[in-house]
Amino acid sequence: MTGTVRTVRCDALVIGSGAGGSTAALELAGAGREVHVLEEGPLVPQTRITRASPAENLRLLYRQGGLVPIHGAPTIPFGEGRCVGGTTVVNGGLLWRPPEHLLECWASAGVDGFRAHHLAPHLAEVERRLGVVDQQPGPGNRDSVLLGQAADRLGWRWAPARRAVRGCRHANRCVTGCPTGAKQSMLVSYLPAAERLAAVIEPDTRVVRLEHDGTRVTAVHALRDGRRLRYLPQTVFLAAGPIGSALLLRRSAIGGRGPGRAIAFHVNFRTVARFGESVRATEGTIFTAQLQEFADRGVRVMPANLTPGSLAAALAAHPAGTVDRMLAQLDRVAVYTTQVSVRGTARLLAVPGLGALLRHRLTASDRDLLRSAFRRTAELLLEAGAVELLPPAPAGPTTTRPTTAGLTTAAQVADFALHARPETWDLISVHAMASCPMGPPAPGGVCDAQGRPHGFTNLRLCDASVLPGATGVSPQETIMGFSHLITARYLERSTSRRPDGN
């Protein structure tokens with residue numbers, strides 16, 4: 001590491017280039033502010049994403065190759081982007097507005113100013129910029145069509161997936177980077193627009209500490225290619241992700257023990273379904289239909305991308321014979337993702353020399369909800385025509401003897417759901433939030449309704465970490481709406497008052 005420190009002065013410094021950071025950057029640049037955006041990960045151009053294989057993109061675009069562990073029973077892999085554009089480059093492009101009743105609940109808990117009518121114009125602008133549409137099935141999305149038809153027969157609510165795409169070509173590679181650029185990630189949408197307004201994007205730049213006097217950030221210290229950098233901004237917008245933002249506040253002695261103390265998250269489990277007909281799921285795209293009948297309980301079901309590799313991953317806990325048998329019938333196989341909003345939280349531990357360590361604990365009600373969610377998922381898929389279901393953990397008739405056979409009847413499903421132990425299931429998570437939540441300090445709030453850590457004037461959080469709790473839906477639009485509103489209120493205040501927004 002060189003001894004020389006390069007100093008950079010700017011109006012606004014945005015830390016992180018995902019959904020929240022990119023939104024703030026574009027709004028600030030559009031208001032004529034001098035903006036620098038610092039991103040820990042690399043800039044991976046769309047042309048490189050297109051040329052690279054899914055396995056190469058997994059290594060390029062994800063933090064730790066998508067295998068950040070949340071330790072507990074079970075250990076849950078957490079998937080998070082680490083590149084310019086953040087997780088928006090590797091997610092499914094789902095944009096759902098936050099449920100109105102959830103916003104009212106947050107308001108009653110002390111986070112007012114973010115009700116549906118406050119967010120509506122900002123969400124509409126996000127949807128306009130990203131071209132949000134109801135995703136239509138492609139030629140290989142028979143798995144989605146069957147889901148909708150089964151839900152109709154059962155009298156259950158479902159909806160087409162709302163996605164940020166322009167001209168989706170159904171390449172079936174959403175979660176390893178869209179090879180066509182159709183998915184409107186921040187890499188191809190907000191960040192180029194911000195750059196056209198003179199924002200400066202700085203990749204491969206890791207922020208290590210926020211220097212402050214207890215009320216104001218006075219300097220931001222970062223590293224790039226072994227060089228030390230010091231930024232002297234008028235204001236800072238922190239959007240390093242639910243883990244990164246909390247960890248940076250902890251390293252900087254901001255927020256006391258609050259940051260990362262109780263991280264809300266969703267868990268997903270996958271159910272492999274074999275049908276008696278061709279479904280051609282390998283030729284479709286992700287998430288073209290979503291079951292919403294049980295959304296009030298925090299449960300949603302949708303088809304997932306299917307490739308030989310993703311199928312093998314979904315069956316990793318099953319005997320090898322099961323994987324071989326399903327791969328041999330790939331044309332008749334589909335994988336469905338069930339998203340569950342759990343009550344248990346994860347805790348961030350900062351371990352010297354190791355960085356962030358995450359631990360979680362499922363509650364008894366979470367385990368009951370997961371069993372119920374599987375039973376409802378299985379009921380839907382059997383109604384859709386599945387002739388065999390492979391659950392998120394292998395089991396014999398009493399879940400004690402793993403076999404290569406799946407579940408073929410409602411009675412077998414009921415037996416599995418009754419005896420299943422979710423702490424042994426293959427769970428994953430791609431949505432974490434509320435690690436530095438808005439709210440009064442006494443119940444555990446870290447930030448005020450401006451996104452500022454309590455007591456600070458020129459530091460604002462504007463990513464998933466600042467949300468007051470789990471959204472229950474894919475959180476990207478909620479994050480962008482909150483960031484849009486937080487930035488707009490800053491700009492309004494800073495125009496009418498002093499340059500630092502006080």
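This note walks through a predicted model of one protein chain, from its overall build to a few of its strands.

1. **Overall build.** The protein chain holds 13 helices and 20 strands. Its radius of gyration is 23 Å, close to the 23 Å that the globule rule gives for 502 residues, so the chain is as compact as a globular protein of that length. Along the principal axes, the C-alpha atoms fill a box of roughly 65 × 45 × 45 Å.

2. **Burial and contacts.** Of the 502 residues, 57% count as buried. Take the contacts with a separation of 6 or more: 74% of them join residues 24 or more positions apart.

3. **Surface and charge.** The protein chain exposes about 19,200 Å². Carbon and sulfur atoms supply 53% of that area. There are 56 positive and 40 negative charges. The mean positions of the two sets lie 5 Å apart.

4. **Strand 15, an enclosed strand.** Strand 15 covers residues 333-341. Here 9 of the 9 residues are buried, that is, under 20% relative accessible area. The strand is therefore largely enclosed by the rest of the structure.

5. **Two faces of strand 15.** In a regular strand the side chains alternate between the two faces of the sheet. In strand 15, Val333, Val335, Thr337, Gln339 and Ser341 point one way. Ala334, Tyr336, Thr338 and Val340 point the other way. Residues of both sets are buried.

6. **Partners of strand 15.** Which way does strand 12 run relative to strand 15? The two are antiparallel, and 9 bridges join them. Strand 12 spans residues 264-275. Within this pairing, Phe269 stands opposite Thr338. Strand 14, residues 299-303, also pairs with strand 15 in the antiparallel sense, over 5 bridges. There, Met302 has Thr337 as its bridge partner. Thr337 and Thr338, the two residues named in these bridges, point opposite ways from strand 15.

7. **Strand 1 and its parallel pairings.** Strand 1 takes in residues 5-15 and runs parallel to strand 11, residues 227-238. How many bridges join strand 1 to strand 11? There are 10. One of the matched pairs is Thr7 with Arg230. Strand 1 is also joined to strand 2, residues 35-38, by 4 bridges, and this pairing is parallel too. Val14 of strand 1 stands opposite Val37 in strand 2.

8. **Where to look.** For an antiparallel arrangement, view strand 15 with strand 12 and strand 14. For a parallel one, view strand 1 with strand 11 and strand 2.

Conventions. Residues are numbered from 1 along each chain as its sequence is written. This is a predicted model: local features need pLDDT of at least 70, side-chain atom pairs count only at pLDDT 80 or more; totals for chains, interfaces and linings use all residues. Side-chain values use heavy atoms; hydrogens and water are left out. The radius of gyration is taken over C-alpha atoms; the globule rule is 2.2 Å times the number of residues to the power 0.38. Buried means under 20% relative accessible area, exposed over 50%, partly exposed in between (1.4 Å probe, protein chains only). Contact means heavy atoms within 4.5 Å. Accessible areas come from the Shrake-Rupley method with a 1.4 Å probe; for residues, only the protein chains shown count as cover. Lys and Arg count as positive and Asp and Glu as negative; His and the chain ends are not counted. The place of a charge is taken as NZ of Lys, CZ of Arg, CG of Asp or CD of Glu. Two strands pair if DSSP finds at least two bridges between them.
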